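Student: I would like to learn how to read a model of this kind step by step, beginning with the fold and ending with single residues. Could you take me through it?

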Amino acid sequence: EEHKHEHFELQDTVLYDHFPEVRELLSFLDGEVHRVRLMKVTPGGGEIYRHTDQVDSDAGHSLGALARLHFPLKTNPQVLFSTWNGNDDQENYHFGFGECWVLDTRKPHRVINEGTEERIHLVCDIVVTPKLEKMIADVYHI
C-alpha cells in the first residue's frame, strides 16, 4: 500500500548471467519475456496453497497473451499440482522432469510436495507469439 504510487520495472538479476541455458531456451520460445524465476517447494509436505493469480489479467495461452510455462528441473513422484475448473472439480497432475506445462493461473491451483526431495521449476512468463502459439497447440515437446 505504501508504494502504490511508485513505478517499478522488472529487471534481470546478476544471477541470470550464470544460466546461459535459460537465455537459449527463452530465445527458442521466441516471445517477449516478462518474468523468469526458479520456484522451489520443500519436501515433506511443502505446499503452495490454493490460490488464483487474478492480477495477471493478460494471462492465457492464445496469441498476445502472457503464458506461464513450467519446466520441472527437479521433482519426485509425490509432487502433485492441482487445478479446479468452474464447477470446482479438482484435477491433479504430476509435472515430470523434462516436460513443459502451460498454465492459466487465473484458475485456482495449488502444489504440494509429499516426497523426500525438493521440487524446483523454472517458471517463465512470456508473451505468446505465433511460433509459441503453434507449439502449444501442437502439444510441442521442448
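Student: How many helices and strands are there in the chain, and in what order do the elements run from the N terminus on?

Tutor: The chain, which is a predicted model, has two helices and eight strands. Read from the N terminus, the order is α-β-β-β-β-β-β-β-β-α, with a helix at the start and another at the end of the series.

Student: How does the radius of gyration of the chain compare with that of a compact globule?

Tutor: The general idea is to set the value of the chain against the one expected from its number of residues. For 142 residues a compact globule would have a radius of gyration near 14 Å, and the 16 Å of this chain agrees with that. Along the principal axes, the C-alpha atoms fill a box of roughly 40 × 35 × 35 Å.

Student: What share of the residues is buried, and what share of the contacts joins residues 24 or more positions apart?

Tutor: Of the 142 residues, 35% are buried. Among contacts with a separation of 6 or more, 80% are between residues 24 or more positions apart. As for the surface, the chain exposes about 9,200 Å², of which carbon and sulfur atoms supply 53%.

Student: How many positive and negative side chains are there, and how far apart are the centres of the two sets?

Tutor: There are 14 positive and 25 negative side chains, and the centres of these two sets lie 2 Å apart.

Student: How many aromatic pairs does the structure hold, and how should I read one of them?

Tutor: A pair of aromatic rings is described by two values, the distance of the centres and the angle of the planes. The structure holds three aromatic pairs. One of them joins Phe95 and Trp101, with 4.2 Å from centre to centre and 10° between the planes; this pair counts as stacked because its planes are under 30 degrees apart. Ring pairs also link Phe81, Tyr93, Phe95 and Trp101 into a cluster.

Student: Are Phe95 and Trp101 buried or partly exposed?

Tutor: Here the cut-off matters, since buried means under 20% relative accessible area. Phe95, at 3%, is therefore buried, whereas Trp101, at 24%, is partly exposed.

Student: Where is Trp84, and how far is Trp84 from Trp101 in space?

Tutor: Trp84 is placed in strand β4 and is buried, with a relative accessible area of 9%. Its C-alpha lies 16 Å from that of Trp101, the two residues being 17 apart in sequence. If neighbours within four places in sequence are left aside, Trp84 is in contact with Arg50, Asp89, Gln90, Lys107, Pro108, His109 and Arg110.

Student: Which residues does His51 touch, beyond those up to four places away in sequence?

Tutor: His51, found in strand β2 (residues 46–51), touches Lys107, Pro108 and His109 on that count. With 27% relative accessibility, His51 counts as partly exposed. Its C-alpha is 18 Å from that of Leu66, at a sequence separation of 15 residues.

Student: What can be said of the surroundings of Asn113 and Thr75?

Tutor: Asn113 is in strand β7 (residues 109–113) and is buried, its relative accessible area being 0%. Beyond residues up to four places away in sequence, Asn113 touches several others, among them Val41, Thr42, Pro43, Asn76, Gln78, Glu118 and Arg119. Thr75 lies in the loop between β3 (66–74) and β4, and counts as buried at 18% relative accessibility. With neighbours within four places set aside, its contacts are His94, Phe95, Gly96, Phe97, Glu117, Glu118 and Arg119.

Student: Where do Asp30 and Asp88 lie, and what are their phi values?

Tutor: When reading phi, one looks at its sign and at whether the residue is a glycine. Asp30 has a positive phi of about 70° although it is not a glycine, and Asp88, likewise a residue other than glycine, has a positive phi near 65°. Asp30 lies in the loop between α1 (20–29) and β1 (33–41), while Asp88 lies in the loop between β4 (79–84) and β5 (90–93). Asp30 is partly exposed, with a relative accessible area of 38%, and Asp88 is partly exposed at 46%.

Terms used. Residues are numbered from 1 along each chain as its sequence is written. Side-chain values use heavy atoms; hydrogens and water are left out. Helices (H or I, at least four residues) and strands (E, at least two) are DSSP runs, numbered from the N terminus. Buried means under 20% relative accessible area, exposed over 50%, partly exposed in between (1.4 Å probe, protein chains only). The radius of gyration is taken over C-alpha atoms; the globule rule is 2.2 Å times the number of residues to the power 0.38. Contact means heavy atoms within 4.5 Å. Accessible areas come from the Shrake-Rupley method with a 1.4 Å probe; for residues, only the protein chains shown count as cover. Lys and Arg count as positive and Asp and Glu as negative; His and the chain ends are not counted. The place of a charge is taken as NZ of Lys, CZ of Arg, CG of Asp or CD of Glu. Rings of Phe, Tyr and Trp (its six-membered ring) pair if their centres lie within 6.5 Å; planes under 30 degrees apart count as stacked, over 60 as edge-to-face and the rest as tilted.
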